[in-house]
Amino acid sequence: MIILLDISGSMTGLRQEIAKHVVLNILDTLNENDFVNIFTFSDFTIELVPCFNDTLVQANLENKGEFKMALANIKPEKIANFSQALTKAFILLTKHNENGQGSQCNQAIMLITDGAPHSHQDVFSEFNWPQRQVRMFTYLIGREVTDIGQLRWMACANKGYYAHVSTKAEVREKVLKYIPVIARPLVMYRNEHPHIWTGVYADVAHEERGYVVTGRRNKLGNKSGYKLMTSVSVPVFDLNDTSVRTANLLGVAGTDVPIEEIQKLVPPYKLGVNGYSFIVNQNGHILYHPDLRPVHEESNAEFQDILKPNYNSVDLNEVELVSGSEDEYNDPRYNHSKFMEMRQQMINQQFYYDNFEVKIHLDDMKRVVVRKQEYHAAPIDETPFSLGIALPSVSRPYEVVGEIELSREHDNVSAFFKNESWNVHPEW
């Protein structure tokens, strides 16, 4: 998705505030599976965030936060050049489509303005017709508008939707109308829709007399904490045979799944002392991992932990710290390349096995060791997740021996250590 925001001289006062709210509400409809960029245009078309130049960025919390901060600093000036803005948007979407970047799904341009003098049919004819792969959604801002024909034609001629937004109170209602248009092909041309799994999120819960209820504090005033969750849902469509096919969404069925219930399916005792499991989604973000710390350690508030800002978009490379030691013909990038290969295989939901060195912290991050670990990964059927298992390499086992005085009845326990089964993991 590309959002084109008109900042010409007429977009001042209430119109500018309404336009900003339209952009904010569009961003709120996107998640980390979507890719977006925002351009402001008057006589020139430029990126709202300069470092997002000539690209589409993932609509995660961090990137959306950058957009929202930059949106506060826009200033109206000069005259809007619609032809340049539309051309730049189509070129960028075409480049991403041809290079296989982004989500490779729906493509859309959201045009937010107080009016367009021309239909710019030549631009659409060059870049979007006859296939019409990019949908056009137009939002006309302001109460005193007279010419709506051009914007309505742009939307209708490019399989989109036109909306007139005259007050801040109706912004969200008008913005959400684009979603059924995007979703309609999924309803009409697919008899079955895949189950949708969310990323990890925190739900407030506390224990009271043996069961868990939601809320900030219980009747006794005990502190409540966060439980990490994921949700699975599926849309419910109207599949009745009618003379005219319609895309009628009846509702959504879904349920929440605690992360700890998923972790129970990989019992730690089967992985050994230093082995562990983790799960990532199709964006490389962690569902759970031993080093995922979603709350601040110093958050000792009376009734609530303090969540970190981007706790639910932690990438695998932020917790698996690859060693920079040289290996495989003295190449310092060897371990990193192995890790990136594993991460990409897990994102693509493919099987993986290899070993490389990583840094492991001990004693609450007071010490660190370099350990060679074996990594196994496999997709989890009918979900966007992949399971990873890390096992320490057993190439350097140690044997514990000693003469330990236990008690008067047992002079020593050396007999317990004479068996060769007392091999333990490295750095234990």
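Here are some questions and answers about this structure, which is a predicted model.

Q: How are the rings of F90 and F127 arranged as a pair: stacked or edge-to-face?
A: Let's start with the geometry. A pair of aromatic rings is described by the distance of the centres and the angle of the planes. For F90 and F127 the centres are 5.9 Å apart and the planes meet at 0 degrees. Planes under 30 degrees apart count as stacked, so the pair of F90 and F127 is stacked.

Q: How many residues apart in sequence are the parts that F90 and F127 tie together?
A: F90 belongs to helix α3, residues 82–98. F127 belongs to helix α4, residues 121–127. The pair therefore links parts whose separation in sequence is 37 residues.

Q: Which of F90 and F127 is buried, and which is partly exposed?
A: Buried means under 20% relative accessible area. F127 has 26% relative accessibility, so F127 counts as partly exposed. With a relative accessible area of 1%, the buried residue is F90.

Q: Which residues form one aromatic cluster with F90 and F127?
A: A search of the whole structure gives 12 aromatic pairs. One of them is the stacked pair of F124 and W129, at 6.5 Å centre to centre with 25 degrees between the planes, and both of these residues are buried. The cluster joins F90 and F127 with F124, W129 and W153.

Q: Where does the side chain of N128 reach a backbone nitrogen, and at what distance?
A: N128 sits in the loop between α4 and β6 (134–141). N128 is buried, its relative accessible area being 2%. Its contacts beyond four places in sequence are F90, V123, Q133, V134 and N158. The backbone nitrogen reached by the N128 side chain is that of Q133, at 3.3 Å.

Q: Which helix gives the most residues to the largest nonpolar core?
A: In soluble globular proteins, nonpolar side chains tend to be buried together. Here the largest nonpolar core has 36 residues, and I3, I112 and Y139 touch the most other members. Among the residues that I3 touches are V23, I26 and L27. The top contributor to this core, with 6 residues, is helix α1 (residues 14–28).

Q: Within what arc do the buried residues of helix α2 fall?
A: The buried residues of α2 (residues 61–71) are N63, K64, F67, A70 and L71. They pack against β1 (2–6), α1, β2 (35–41) and β4 (57–58). Viewed down the axis, they line one face of the helix, because they fall within an arc of 125 degrees.

Q: Which are the edge strands of the open sheet of 6 strands?
A: The strand order is β14-β13-β18-β17-β16-β15, with antiparallel pairing. Inside this sheet, β13 (residues 276–280) and β18 pair over 5 bridges, and Y276 stands opposite A390 in β18. An edge strand pairs on one side only, and here these strands are β14 (286–288) and β15 (321–322).

Q: How far apart in space are V394 and K372, C-alpha to C-alpha?
A: V394 is in the loop between β18 (386–392) and β19 (398–399). V394 counts as exposed, at 61% relative accessibility. V394 and K372 are separated by 22 residues in sequence, and in space their C-alpha to C-alpha distance is 9.0 Å.

Methods
Residues are numbered from 1 along each chain as its sequence is written. This is a predicted model: local features need pLDDT of at least 70, side-chain atom pairs count only at pLDDT 80 or more; totals for chains, interfaces and linings use all residues. Side-chain values use heavy atoms; hydrogens and water are left out. Rings of Phe, Tyr and Trp (its six-membered ring) pair if their centres lie within 6.5 Å; planes under 30 degrees apart count as stacked, over 60 as edge-to-face and the rest as tilted. Helices (H or I, at least four residues) and strands (E, at least two) are DSSP runs, numbered from the N terminus. Buried means under 20% relative accessible area, exposed over 50%, partly exposed in between (1.4 Å probe, protein chains only). A nonpolar core is a set of buried Ala, Val, Leu, Ile, Met, Phe, Trp, Tyr and Cys residues joined through side-chain atoms within 4.5 Å. Contact means heavy atoms within 4.5 Å. A polar contact is a pair of N or O atoms within 3.5 Å; within protein, one must be able to donate a hydrogen and the other to accept it, and residues adjacent in sequence count only if both atoms are side-chain atoms. The arc is that of the directions from the helix axis to the C-beta atoms. Two strands pair if DSSP finds at least two bridges between them.
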